[in-house]
Amino acid sequence: MNAHLDQATSKATGRLTRVRSVGFWAVLLVGVASVAAPPFLDEGQQTIYVLFTLSVIASVGLSLLMGFAGQVSLGQGAFYALGAYTAGLLAKQGAPPPLALLAAPVGTGLIAAAIGLPVLRLRGHYLAFATLAFHLIVLTVIAEARPVTGGDLGLGGIPPLLPAPFATPLVYCYVGWLAAAFVILLTGNLVRSRPGRGLRALASSEVGAASSGVAVGPDKLKVFAISAAYAGLAGGIYAFFLSYLSPGSFPILLSIQFLVMATVGGMGLVWGAVAGAAIITLLLQLLQILASQPGLPETLPAILNYAVYGLVLVLAMLLLPQGILPTLRDRLSRRWPE
Amino acid sequence: MGLLLQLLLTGIAIGCGYALLATGFVFIHRVTRVVNFAQGGFAVIAGFVTYSALAAGLPHGVSEVLAVLAAALVGLVVGVLIIGLRDTPPLAALIMTIGVGFCLWALEVAVWGDQPLQFEGLGGVFAVAGVSIQYQYALIVAVTAATFALLALFFGHSYLGKVFTACASNPYAARLAGIDVRRVGIIAFALGGGLGGLAGVLLLSLRSLTFDSDVDLSINGFAAAIFGGLQRPWLALVGGVVLGIFEQLIAGYSRASYQKAVSLFVILAILVWRAARRREQT
Amino acid sequence: MPDGAGGPVLEVTDLVVCYGAAVALDRVTLQVGHGEMVALVGPNGAGKSTLLNTICGILRPAAGSIRLAGRVAQVPEGRQLFPDMSVEDNLRVGAWTVKERNPAWIYDLLPKLAELRQRTAGTLSGGEQQMVAVGRALMAKPDLLAVDELSLGLAPMVVEQLAEYLKRLNAERGMAILLVEQNARLALDICPRTYVLEAGQIALEGPSEELRQSQAVQAAYLGGRAELMDS
């Protein structure tokens, strides 16, 4: 009987190891490909690449919040905007751009901690609504604070992050890549740490977590602040990359976009957010190309955009509530013949 | 003085419109525990249908009824998607309603384009205490009052209404009593759709109609619903009216662009305060 | 085993029900004939409510079969009324699946309820609520009445009264009753035949008289423990 048990266990472990090694090789492949790609892309594609890395950062942050605190935030775009304006304003005031960039996640994290204190008392749909409201309020504040932020007309003339020879889109590709890689590694460590495991308990049951010694209050706040800081970092890079900001760059749709990316790849998984960001970016680009063909109605790009967001959200929740990566992982581990 | 009165009366009327939307939220939530972020979408689709019906030559009254029915149908479909196919956990349901909102956007842009449209409501104004009020506002208040009365009758005295109340009160027991709670939930969605459509038909003639008009409506409707804890329609009515008046006052005495932000801030403050009070009690 | 016309009203065969990986019911087999009163006793967590919920179609079995020759209605554990609705409304809601929505016949059967008809269900005493729960289940005109923990939280006198009602239902109307109970003494008193469910499996079955005499049953269910339950 023991021999049977050992055999079963080793079969299961073997299967898991094989899936894990597939994951390892996949990550390696993705890493190598993403580093090697930028020089071969034209400027337009490089821009898409940069924005993709930024959306990865923001989506990983959101995925962290959703997966580990079990809460939906519709305000990630607001933190992205806050980070962008923080970095842009500081740089315009004369701060060295790299320092301004560092200030972006720090400042955003602090703001998030400040509003999180009252707002995180809310749960579920109330929190979702509150984060949405927060995004709208931030947009209004930016638009109204004309003397500081340039209001609706926008904030232009933001100096580049690195001086002259390094101010090309190619350089920003690698800035974005480094930031994304850093965020992914950091989150991976966070997730595996002891507090990280306690947080996962948070997501499944707040009562359970509290009774197991994980303080619900401070940890949820930390995750919220970290998640916002990620978005702030991405926003900061965005400010330097585009050198022009306006409230119109950060509509509610942006928060939804991050939500879709974080949801579809696999909630609560770091690589899930990456996969989600990649899928959505590619999908949207594809549709953009298709819909911009001459002869097609002008509104088609917008229609397809909305349809993609809508259908992806609905279908993902219906068919793949776990997200793409976990479903793939399940399928793979079941397929291995024994 | 005249300005204040006008703002108050306008606020009451628009607030009633928000309240209709809010009751849609409330009924759906009570029976299915789902918060339908696409509630504003029901209003907008009804607005568009009204526009098209009127443009096609159908008379007033018929167009509006058609629009409300269309919205109820959309509500039904949404209900089937969200709770009819499988047991959806609340977080997923919330995300799905957001997705539904976008699908509606895509549909609306495809059929009606992305430029603002306008359709006529009840034209003309009348005077109240020296202030001129649009007939449309009076209509909104009248329809809201009638709707609430009908709903009270429905839930208080009809069999289906009692079954509804039972499902909202104790879905497990309702299931045991042989009630198909899922089917009742879908009916709740259709009812929410109809109420949302009614709000849309009434409110959207007062402003220009675009596919993203639903954001503002959803936010206001949800805020009003929160007054009643997403459970009680009468409190949602109070909440809607208070919100409507508050918005009008801000728009009248301050800058209109602050309107949204201040309302939201106040709503958030109320939410947080209530949550804090509940924590202290437990 | 008394059958009605042509077979039992409830036939459960080799039923297996799982909660995720945990097996709640492990190949359970039991029958209730038409017009029979059958008891199912067992300790807390044995799977009694799981069995009832599966019979009523709320849970799905992983294996095995359930055959119902007619309708089943459940009187749930803890009454589970609609507390803000009146007694009359509580009763009427129970008739969702049948045409007859008028609870007049329930008032004939359980006259106490007629006095309470306009009272709000949440304000009633435990025993009164239990009666409402029974009435609500009866409104569905079932062929089998499944009663889950009749005695839970109720004083012995009240329980006796309710038991009388059930016995009358059975005797006068031929209603088949499956009584699920932790209070074994009560169950053995009321029902001529009993099953004992332990850890998801039928441990014992037979005429209540015999089970009452059995050493094992006496030790586990009728000794000091049962006494504590009664008081």
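# Contacts, core and folds of three chains

Me: What makes residues of chain C count as being in contact with chain B, and how many are there on each side?
Reply: Two residues are in contact if their C-beta atoms, placed from the backbone, lie within 7 Å, and by that test 20 residues of chain C are in contact with 14 residues of chain B. On the chain C side, two elements give two or more residues each, β5 (72–75) and α2 (87–93), and α2(C) has the largest share, with three residues. The names refer to DSSP runs numbered from the N terminus, helices being H or I over at least four residues and strands E over at least two.

Me: How do you know which residues these numbers and letters refer to, and what kind of model is this?
Reply: Residues are numbered from 1 along each chain as its sequence is written, while chains are lettered from A and ligands numbered from 1 in the order in which they are written. This is a predicted model, in which local features need pLDDT of at least 70 and side-chain atom pairs count only at pLDDT 80 or more, whereas totals for chains, interfaces and linings use all residues.

Me: What is the make-up, by class, of the side of chain C that touches chain B?
Reply: That side has 11 nonpolar, four polar and five charged residues, where Ala, Val, Leu, Ile, Met, Phe, Trp, Tyr, Cys and Pro count as nonpolar, Asp, Glu, Lys and Arg as charged, and the others, Gly among them, as polar.

Me: Which pair of chains has the most contacts, and what does each side give?
Reply: Of the two pairs of chains that touch, A and B have the most contacts between them, with 35 residues of chain B in contact with 33 residues of chain A. Chain B contributes two or more residues from each of α4 (90–112), α9 (213–227) and α11 (258–281), and α4(B) gives the most, with 15 residues. By class, this side of chain B has 28 nonpolar, four polar and three charged residues.

Me: How do you know whether chain A and chain C touch or stay apart?
Reply: No contact joins chain A and chain C, and their closest C-alpha atoms lie 16 Å apart.

Me: Why is α8(B) called largely enclosed?
Reply: A residue is buried if 20 or more other C-beta atoms, placed from the backbone, lie within 10 Å of its own, exposed if 12 or fewer, and partly exposed in between. In α8(B), 21 of the 23 residues are buried, so the helix is largely enclosed by the rest of the structure. This helix, residues 181–203, reaches 32 Å from its first C-alpha to its last, close to the 33 Å expected, the expected span being 1.5 Å times one less than its number of residues.

Me: What makes α5(C) count as largely enclosed, and what covers its buried residues?
Reply: Since 11 of its 14 residues are buried, α5(C) is largely enclosed by the rest of the structure. The buried residues include Q129(C), M131(C), R136(C) and M139(C), and the cover includes β5, α2, α3 (104–109), α4 (111–116), β6 (144–148) and α6 (156–173) of chain C. The helix spans residues 126–139 and reaches 20 Å from its first C-alpha to its last, close to the 20 Å expected. K141(C), with a positive phi near 45 degrees, follows α5(C).

Me: Why can chain C be set against a compact globule?
Reply: The globule rule is 2.2 Å times the number of residues to the power 0.38, with the radius of gyration taken over C-alpha atoms. For 231 residues a compact globule would have a radius near 17 Å, and chain C has 17 Å, which agrees. Its C-alpha atoms fill a box of roughly 45 × 40 × 35 Å along the principal axes, and 45% of its residues count as buried.

Me: What makes β1(C) and β2(C) a pair, and what lies in the turn?
Reply: Two strands pair if DSSP finds at least two bridges between them, and seven bridges join β1 (residues 10–19) to β2 (residues 22–32), which run antiparallel. One bridge partner in β2(C) is V23(C), for C18(C). The two strands form a hairpin with two residues between them, and G20(C) in the turn has a positive phi of about 65 degrees.

Me: How do chains A and C differ in their helices and strands?
Reply: Chain A has 14 helices and zero strands, whereas chain C has 10 helices and nine strands.

Me: What makes a set of residues the largest nonpolar core, and which members touch the most others?
Reply: A nonpolar core is a set of buried Ala, Val, Leu, Ile, Met, Phe, Trp, Tyr and Cys residues joined through C-beta atoms within 7 Å. The largest has 265 residues, of which I57(A), L313(A) and L179(C) touch the most other members, and helix α10 (residues 216–242) of chain A gives the largest share, 15 residues. Not counting residues up to four places away in sequence, L179(C) touches M37(C), A39(C), V147(C), L150(C), A187(C), I190(C) and C191(C).
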